[in-house]
Amino acid sequence: LTLADTRELQLLHFWIFLGIYLAALLGNTLIIITIACDHHLHTPIYFFLLNLSLFDLGFISTTLPKSV
């Protein structure tokens with residue numbers, strides 16, 4: 001199913017969803033790399049933040065590309 005019938009709106013939706021996907025991908029990847037590389041961040045709260053970032057990557061990588 002398409003969100004819009006006109007080609008211009010379809011392209012607008014594509015670029016908006018692509019921007020959201022890339023921003024989430026970059027943000028979660030930076031969080032994962034920062035926690036993995038810095039040994040001071042190996043505490044339980046950062047362990048849960050790392051898991052949250054991994055889950056968010058998984059969820060957004062399954063739903064948003066289908067919308068695009």
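I began with the nonpolar surface patch, and noted that helix H2 (residues 44–67) contributes the largest share of its residues, namely four. The model I am reading is a predicted one, which I keep in mind for every entry here. I then listed the members of the patch, which are Ile-31, Ile-45, Tyr-46, Leu-49 and Leu-52, and took down an area of about 440 Å² for the surface that they make.

From this patch I picked out Leu-52, which I placed in helix H2. Is Leu-52 buried or exposed? I found a relative accessible area of 56% for Leu-52, and because exposed means over 50%, Leu-52 is counted as exposed.

Next I turned to the interior, where I looked up the largest nonpolar core and found that it has five residues, Phe-17, Tyr-21, Ala-24, Ile-60 and Leu-64. I noted that H1 and H2 each supply at least two residues of this core, and that the largest share, three residues, comes from H1. As background I wrote down that nonpolar side chains tend to be buried together in soluble globular proteins.

My last entry concerns Asn-28, which I located in helix H1 (residues 7–37). Its relative accessibility came out at 8%, and since the cut-off for buried is under 20%, I recorded Asn-28 as buried. Which residues does Asn-28 touch, not counting those up to four places away in sequence? I found Ser-53, Asp-56 and Leu-57, and for Asp-56 I also noted a polar contact of 2.7 Å that joins its side chain to that of Asn-28.

How values were computed: Residues numbered from 1 in each chain as written. Predicted model: local features only at pLDDT ≥ 70, side-chain atom pairs only at ≥ 80, totals over all residues. Heavy atoms only, no water. Buried < 20%, exposed > 50% of the residue type's maximum accessible area, 1.4 Å probe, protein only. Polar contact = N/O pair within 3.5 Å; in protein donor to acceptor, adjacent residues only side chain to side chain. Contact = heavy atoms within 4.5 Å. Patch = residues over 30% accessible without salt bridge, like charges linked within 9 Å, V, L, I, M, F, W, Y side chains within 5 Å. Areas by Shrake-Rupley, 256 points an atom, 1.4 Å probe, with all protein chains shown as cover. Salt bridge = Lys/Arg side-chain N within 4 Å of Asp/Glu carboxyl O. Core = buried A, V, L, I, M, F, W, Y, C linked by side-chain atoms within 4.5 Å.
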